[in-house]
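Visitor: I would like to walk through this model with you and ask how each label is earned.
Guide: Gladly, let us look at it together.
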Amino acid sequence: MHDVAVLVGSLRRDSLNLKLARALAKLGKGRFNFNFAELGDLPIYNQDMEADLPASVVRMKKEIAKADAVLFVTPEHNRSIPSVLKNAIDWGTRPWGQNSWAGKPGSIIGTSPGNVGTAAGQAHLRSVMTILDVILLGQPEVYFVSKPGLIDDKDDITDDATREFLQGYLTRFEAWIDQVAQYEARTKRVA
Ligand SMILES: Cc1cc2nc3c(=O)[nH]c(=O)nc-3n(C[C@H](O)[C@H](O)[C@H](O)COP(=O)(O)O)c2cc1C
């Protein structure tokens, strides 16, 4: 069983990305525990607050620390990272020397109703997470184009080919988490 901290880059109640994340959680039942990190109560990052870290920040950093892996499920906003997610990422790197992301196996996926399917936003996020030392799964990329009914009210994927593709994705992610754990056990972090 793999514990995964899931960061959804949308606070919207009817978020398509939250829906996709829930569908994946259901699809991966028995193999993964998806723990959804609360990002909505994190204050806007302000270095002055680092002297007395807000409780919501401490909570999020603990959730990441105990997770075997991190999964970002996010829309793109103006072809980039939604501010709610960037804010969480920045808090996760602080205070200096306490980067919660370092050494975590990770994956980035996302959905939008548009044909680009979050590809541009994911590319920005990928470059940020790489320098923060999240060890990202390369393939398969998931640029999920949301269509009405593709995920039903019970969070089941209604299309066979899409379900199989996402099952394959989860299998790769699971193997990736194990592989990175072995690599991390053999090496010392330098920063
Ligand atoms: C501020 C903002 C910027 C957006 N920029 C993009 C964009 O660059 N590309 C895109 O495909 N959709 C864009 N959209 C539309 C989102 O893909 C769409 O609202 C999607 O449903 C958001 O994901 P969510 O349902 O998980 O909240 C934008 C939406 C908002 C609110």
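Visitor: Where is the place of Pro140?
Guide: This is a predicted model, and in it Pro140 sits in the loop between strand 5 (135-136) and strand 6 (142-145).

Visitor: What is the peptide bond from Gln139 to Pro140, cis or trans?
Guide: That bond is cis, with omega near 0°. The peptide bond from Arg94 to Pro95 is also cis, with omega near -10°, and Pro95 lies in the loop between helix 3 and strand 4 (105-112).

Visitor: Why is helix 2 called roughly perpendicular to helix 3?
Guide: Two packed helices are described by the angle between their axes and the distance between the axes. Here helix 2 (residues 55-66) and helix 3 (residues 83-92) pack at an angle of about 80°, with axes 10 Å apart. Angles of 65 to 115 degrees count as roughly perpendicular, so helix 2 is roughly perpendicular to helix 3.

Visitor: Which residues of helix 2 and helix 3 meet?
Guide: From helix 2 come Val57, Met60 and Lys61, and from helix 3 come Ala88, Trp91 and Gly92. By class, the residues of this contact divide into 4 nonpolar, 1 polar and 1 charged. Gly counts as polar in this scheme.

Visitor: Which residues surround the ligand?
Guide: The ligand is surrounded by Ser10, Arg12, Ser15, Leu16, Asn17, Pro75, Glu76, His77, Asn78, Arg79, Ser112 and Pro113. Each of them earns its place because a residue counts as near when one of its heavy atoms lies within 4 Å. The shell divides into 3 nonpolar, 6 polar and 3 charged residues.

Visitor: What makes the pair formed by the side chain of Ser112 and the ligand a polar contact?
Guide: An N or O atom in the side chain of Ser112 is 3.5 Å from an oxygen atom of the ligand. The cut-off is within 3.5 Å, so the pair qualifies. An N or O atom in the side chain of Arg12 is 2.7 Å from a ligand oxygen atom, and for Arg79 a backbone N or O atom lies 2.7 Å from a ligand oxygen atom. Those pairs therefore qualify too.

Visitor: How much of the ligand does the protein bury?
Guide: Taken alone the ligand exposes 610 Å², and the protein buries 68% of that.

Visitor: What is notable about phi of Asn78?
Guide: Phi of Asn78 is near 50°, a positive value in a residue other than glycine. Asn78 is in the loop between strand 3 (69-73) and helix 3, and Asn78 is also one of the residues surrounding the ligand.

Technical notes
Residues are numbered from 1 along each chain as its sequence is written. This is a predicted model: local features need pLDDT of at least 70, side-chain atom pairs count only at pLDDT 80 or more; totals for chains, interfaces and linings use all residues. Side-chain values use heavy atoms; hydrogens and water are left out. A polar contact is a pair of N or O atoms within 3.5 Å; within protein, one must be able to donate a hydrogen and the other to accept it, and residues adjacent in sequence count only if both atoms are side-chain atoms. Accessible areas come from the Shrake-Rupley method with a 1.4 Å probe; for residues, only the protein chains shown count as cover. Axes are lines fitted to C-alpha atoms, for helices over the stretch in contact, and angles run from 0 to 180 degrees between N-to-C directions. Helices (H or I, at least four residues) and strands (E, at least two) are DSSP runs, numbered from the N terminus. Angles under 35 degrees count as roughly parallel, over 145 as roughly antiparallel, 65 to 115 as roughly perpendicular and the rest as oblique. Contact means heavy atoms within 4.5 Å.
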